[in-house]
Structure formats: structure tokens, C-alpha cells
Amino acid sequence: MVDTQMKLNWLESKVVSMLFVWSVVVCLSCFCIGLSFAVPRVRNFLNSSSANNASGNMFAALVVLTIPCALVISMGMAIFCAFKDRATVGAKTVWFLLFFLTWPIGSMVYYFATYRGFIKRQRAGDARSQRVVSA
């Protein structure tokens, strides 16, 4: 058990948590922009303006960025849920069903609902233990 915990400490590092943050930001941006194209006025504006090609190219670039970001957040949250989360087996099962049925939206919900709180508690605990040691 200790060996597994040592191998999974990378999930709590600042670099990985920032990677998860940016992955969520890119995915949410792509989804929001994609949903805005469903609004008839936005679609009509883009079809009638000279911004059509530029916005299409920017959206295509965002989609290309979204693919690896969605994989990063999905795999990271699945690994965190399976090995680091102390939830019950039933709760983990529900999260995994949400992960697989709504990919990657379920992973982003899990990021905000569970992972961020865990990281904040870990960092607050580390800050308290450093103050006690230095006092």
C-alpha cells in the first residue's frame, strides 16, 4: 500500500494540478464556443461576415488542443478516483459511470467536485505542518 501511495504522489504535484487546470480550461472553452455555433444568430453572423475563415481556423486549432486535453483530464481523474480518492466503492462506481458515459464532461465535473478540494486540503495541511516545523 505504501509503495502505491509513493508512486501516485505525482497526482498532488503543482505541475500536474496546473496541467489539469489548463486541460479543463481548454475543454470548457471548446465546448462553450462549439455550443455558441448552435445559436442561429451566431451562425448567421459568421456566415455573413469576413470573420468566417478566421473563426473557423481558430476553432479548428482549439479542437486540436482539446483532444489531448480531454485525454489528460479523463485519465488523470480516473487514476485519482481509483487510487487516491477515499470514497466508497459505490461512489467510485457512480463516478466511473459518469466518466465513461459523458466523456470528458464527467471528468471535468469530478475535477471541480472532488480533486480541487483534495488538493486545497493537501496544500493547507502542508502549509500548517511547515509553520509548525519552523516555529
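## Close-up views of an all-helix chain

**View 1. Trp22 sits out in the open.** Trp22 is exposed, with a relative accessible area of 52%. To find Trp22 in this predicted model, look along helix α2. Trp22 also has company at the surface: together with Met18 and Val25, Trp22 forms a nonpolar patch. The three residues of this patch have about 310 Å² of accessible area together.

**View 2. The chain as a whole, before we zoom in further.** How many helices and strands does the chain have? The count is 6 helices and 0 strands, so reading along the sequence gives the pattern α-α-α-α-α-α. Of the 135 residues in the chain, 29% are buried. The chain exposes about 9000 Å², and 71% of that area is supplied by carbon and sulfur atoms. Now consider the contacts with a separation of 6 or more: residues 24 or more positions apart account for 75% of them.

**View 3. The largest nonpolar core.** In soluble globular proteins, nonpolar side chains tend to be buried together. Here, the largest nonpolar core has 23 residues. If you would like some landmarks, the residues with the most contacts inside this core are Phe20, Met77, Phe99, Tyr110, Tyr111 and Tyr115. Which helices each supply at least two residues of the core? They are α2 (14-36), α4 (52-83), α5 (89-101) and α6 (105-134). Helix α4 gives the largest share, with 8 residues.

**View 4. Phe20 and the residues around it.** Phe20 is one of the core residues with the most contacts inside the core. What does Phe20 touch, leaving aside its neighbours within four places in sequence? The residues in contact with Phe20 are Leu11, Val72, Ile73, Gly76, Met77, Tyr111 and Tyr115. Three names on that list may look familiar from the previous view: Met77, Tyr111 and Tyr115 are also among the residues with the most contacts inside the core.

**View 5. Thr66, tucked into helix α4.** Thr66 lies in helix α4. Is Thr66 buried or exposed? Thr66 counts as buried because its relative accessibility is 8%, and the cut-off for buried is under 20%. Follow the side chain of Thr66 and you will see that this side chain reaches the backbone oxygen of Leu62 at 2.6 Å. Setting aside the neighbours within four places in sequence, Thr66 is in contact with Val26, Cys27 and Cys30.

How values were computed:
Residues numbered from 1 in each chain as written. Predicted model: local features only at pLDDT ≥ 70, side-chain atom pairs only at ≥ 80, totals over all residues. Heavy atoms only, no water. Helix = DSSP H or I, 4+ residues; strand = E, 2+ residues; numbered from the N terminus. Buried < 20%, exposed > 50% of the residue type's maximum accessible area, 1.4 Å probe, protein only. Contact = heavy atoms within 4.5 Å. Areas by Shrake-Rupley, 256 points an atom, 1.4 Å probe, with all protein chains shown as cover. Core = buried A, V, L, I, M, F, W, Y, C linked by side-chain atoms within 4.5 Å. Polar contact = N/O pair within 3.5 Å; in protein donor to acceptor, adjacent residues only side chain to side chain. Patch = residues over 30% accessible without salt bridge, like charges linked within 9 Å, V, L, I, M, F, W, Y side chains within 5 Å. Salt bridge = Lys/Arg side-chain N within 4 Å of Asp/Glu carboxyl O.
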